[in-house]
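Let's take a walk through this fold together. Keep the sequence and the 3D view side by side as we go.

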Amino acid sequence: MAGRALAVKRGGELCEDVARLGQSLGLEAYQQYRLGRRLWGAVRRIDVILRHPTNGRSLGVECKYQDSKGTAEEKLPSTIQDISAWPMDGLVVFAGTGFTENMKSYLLSTGKAIEFADLEPWLRLYFGLPLL
């Protein structure tokens, strides 16, 4: 799957690509899953939930795409914090050329974020799937 991140054109496509990747690995994928409310009352939706069909292990995935420099990346630290409130493990998957190197470094340092191009081996390890 190397290089697939270049094919992503917008955030919705990133969510679809994450779901497709999970399904190609034999995982169930649910998009825009409603899960309660945020602190200020807004409905919480998880972009993608990947679930192992045999052991039930689940992972919530927030997909963040940015193709030009902007303020979208300023919301990422709160996204990292928000996933700690989920009843499952969570991960931010990001793609696009608009993220600053500082934000990429921050995201990767949390252990809760990964670039889409590196997602497949991460999922294989997390769900205990055969390694390539």
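Which exposed residues does H3 carry on the face turned away from its buried side? They are Glu-101, Asn-102 and Ser-109. Please bear in mind throughout that this is a predicted model.

Now turn to the other face of this helix. H3 spans residues 101-110, and within it Met-103, Lys-104 and Leu-107 are buried. These three cover an arc of only 100° around the axis, which means that they sit on the same side of H3. The general rule behind such a pattern is that an α-helix has 3.6 residues a turn, so residues three or four places apart point the same way. As for what lies over the buried residues of H3, the cover includes helix H2 (76-82), strand E4 (89-95) and strand E5 (113-115). Just after the helix comes Gly-111, with a positive phi near 75°.

From here we can move on to the sheet. It is an open one, built from 5 strands in the order E1-E2-E3-E4-E5, with mixed pairing. E1 (28-37) and E5 are its edge strands; each has a single partner strand, so one side of each lacks a neighbour in the sheet. Ignoring direction, neighbouring strands here are turned by 40° against each other on average.

Let's follow the pairing from strand to strand. In general, strands of a sheet pair through backbone hydrogen bonds, either parallel or antiparallel. E2 (residues 43-51) and E3 (residues 58-65) run antiparallel and are joined by 4 bridges. Look for Leu-50, whose bridge partner in E3 is Leu-59, and for Val-48, which stands opposite Val-61 in E3. The two strands form a hairpin with 6 residues between them, and in the turn Gly-56 has a positive phi of about 75°. On to the next pair: E3 and E4 run parallel, with 7 bridges joining them. Here Glu-62 has Val-92 in E4 as its bridge partner.

Finally, how do the helices meet the sheet? H3 lies across E4 and E5, and it runs at about 125° to E5. Helix H4 (residues 119-127) also packs on the sheet, where it touches E2, E3, E4 and E5. The direction of H4 makes about 165° with that of E3.

To bring the threads together, return to H3 in your viewer: its buried residues Met-103, Lys-104 and Leu-107 have E4 and E5 among the elements that cover them, while Glu-101, Asn-102 and Ser-109 are exposed on the face turned away.

Definitions and conventions. Residues numbered from 1 in each chain as written. Predicted model: local features only at pLDDT ≥ 70, side-chain atom pairs only at ≥ 80, totals over all residues. Heavy atoms only, no water. Buried < 20%, exposed > 50% of the residue type's maximum accessible area, 1.4 Å probe, protein only. Arc of directions from axis to C-beta. Contact = heavy atoms within 4.5 Å. Pairing = 2+ DSSP bridges. Axes fitted to C-alpha atoms, helices over the stretch in contact; angles between N-to-C directions.
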